[in-house]
Amino acid sequence: VTVGILRERAPGERRVAATPETVRKLAARGARVVVESGAGRGAGFVDEAYADAGASVASLDDVLAADLLLVVQPPADELLARAKHGATLVGLLAPQASESRAAILRERGLHAFPLERLPRTTRAQSMDVLSSQAGMAGYKAVLIAATLAPRFFPMLTTAAGTIRPAKVLVIGAGVAGLQAIATARRLGAQVEGFDVRPETREQIESLGGRFLDLGVSAAGEGGYARALTDDERAEQQKRLGTHLGSVDVVVCTAAVPGRPAPRIVTSVMVAGMRPGSVIVDLAAESGGNCEATVPGETVDVGGVTVAGPLGLASLGAVHASEMYARNVLNFVALFLDAGRLSFDWSDELLARTVWPERADEAVAA
Ligand code: NAD
């Protein structure tokens with residue numbers, strides 16, 4: 001079987017779906033690996049390193065002829081349309097986001113495994129690209145906030161007087177939010193976090209943050225949050241609005257699966273913040289937690305800087321790729337062995353991730 005590693009083509013995307021380390025491991029499972037020339041360049045992995053690991057460095061056409069294609073982002077429709085019939089495709093594929101993509105996947109008979117569908121069970125942890133990439137995004141979001149803020153994060157005692165530490169509020173304490181809290185703490189800021197899942201209190205406190213209690217608890221299914229009711233939302237906003245006047249930096253990371261990002265920080269709240277404050281909205285990708293966020297831009301709203309950076313994980317392309325590639329390798333190991341692809345549809349990790357859904361009994365069982 002041949003495994004192909006495509007060069008990512010989305011604007012700003014520097015990550016790659018396999019590293020020389022994972023290429024070696026794919027080869028050890030009996031695969032012939034073809035890497036498109038330049039695929040790892042953005043993440044610091046040169047063609048020679050892949051060749052040393054046992055891959056053939058090849059043209060786009062050779063890679064598209066592979067039986068199994070590994071990608072980070074969905075390839076453009078015209079590339080997908082040239083993939084081998086019946087090939088398997090693994091990556092962050094967002095199949096529902098594009099009708100034409102869905103149509104091509106069906107037409108070409110591609111087995112697509114969009115990794116955002118992977119159930120987040122204990123067994124799947126080593127394959128969880130959402131977590132590994134969210135960790136990098138949370139880290140970078142805080143570094144961007146520290147760069148944009150016209151102040152120090154740590155407390156400093158200097159000959160020119162004492163500098164008080166920055167007050168950082170992290171909204172949403174999932175994987176990205178907890179990494180943001182840990183990073184802001186390491187920079188010496190005074191950190192608060194809040195989330196609608198009550199179990200996050202202990203997690204925030206264990207990182208040296210203070211849990212900001214806004215009186216709303218909304219745990220949903222599968223360990224995720226549910227959307228708030230109108231009353232809950234009003235309560236949260238009333239308390240948050242008052243609090244934001246005393247905060248220097250806000251990092252937004254709140255999300256609800258399958259829905260646009262919840263709007264938490266309104267324009268009125270932004271207007272009530274002190275000039276010189278900074279908001280970094282990591283949820284910009286799915287619309288933003290802040291009403292004033294412009295995805296992909298940094299804007300000044302009455303003296304408050306509001307940044308909506310996109311592709312944050314890609315900013316840390318080396319480690320983001322290393323983690324992504326290991327996640328993908330662990331997933332591929334479910335069906336690649338001794339040089340063959342074989343899918344056990346009674347394995348829920350395969351059956352629940354594959355797209356389009358398989359309508360047979362294996363899935364129902
Ligand atoms: P996510 O990206 O969907 O959401 C980010 C955070 O936003 C969540 O913590 C959510 O509770 C919070 N949020 C949603 N609406 C909010 C609101 N109105 N106000 C404030 N906060 C709000 O979630 P995620 O970071 O991918 O993961 C969330 C949970 O899943 C965590 O408990 C995480 O530990 C768990 N998880 C489990 C596994 C596993 O066991 N394999 C893997 C990954 C994540």
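**Exercises on strand pairing, core and ligand shell**

In strand 3, Val-57 is the bridge partner of Val-35. The model is predicted: local features require pLDDT of at least 70, side-chain atom pairs count only at pLDDT 80 or more, and totals for chains, interfaces and linings use all residues. Residues are numbered from 1 along each chain as its sequence is written.

**Exercise 1.** Determine how many bridges join strand 2 to strand 3 and place these strands in their sheet.

*Solution.* Strands are DSSP runs (E, at least two residues; helices are H or I, at least four), numbered from the N terminus. Strand 2 (residues 32-36) runs parallel to strand 3, and 3 bridges join them. Two strands pair if DSSP finds at least two bridges between them. The open sheet has 6 strands in the order 3-2-1-4-5-6, with parallel pairing. Strand 3 (56-58) and strand 6 (111-114) are its edge strands, each pairing on one side only.

**Exercise 2.** Identify the contacts of Val-251, leaving aside neighbours within four places in sequence.

*Solution.* Contact requires C-beta atoms, placed from the backbone, within 7 Å. By this criterion, Val-251 touches Ala-141, Val-142, Ala-145, Val-168, Val-170, Ala-180, Val-280 and Leu-282.

**Exercise 3.** Describe the shell of residues around the ligand.

*Solution.* A residue is near the ligand if its C-beta atom, placed from the backbone, lies within 6 Å. Of the 30 residues around the ligand, Gly-172, Gly-174, Ala-225, Ala-254 and Ala-255 come nearest. Helix 6 (129-148) and helix 7 (175-186) each contribute at least two shell residues.

Notes
Ala, Val, Leu, Ile, Met, Phe, Trp, Tyr, Cys and Pro count as nonpolar, Asp, Glu, Lys and Arg as charged, and the others, Gly among them, as polar. Two residues are in contact if their C-beta atoms, placed from the backbone, lie within 7 Å.
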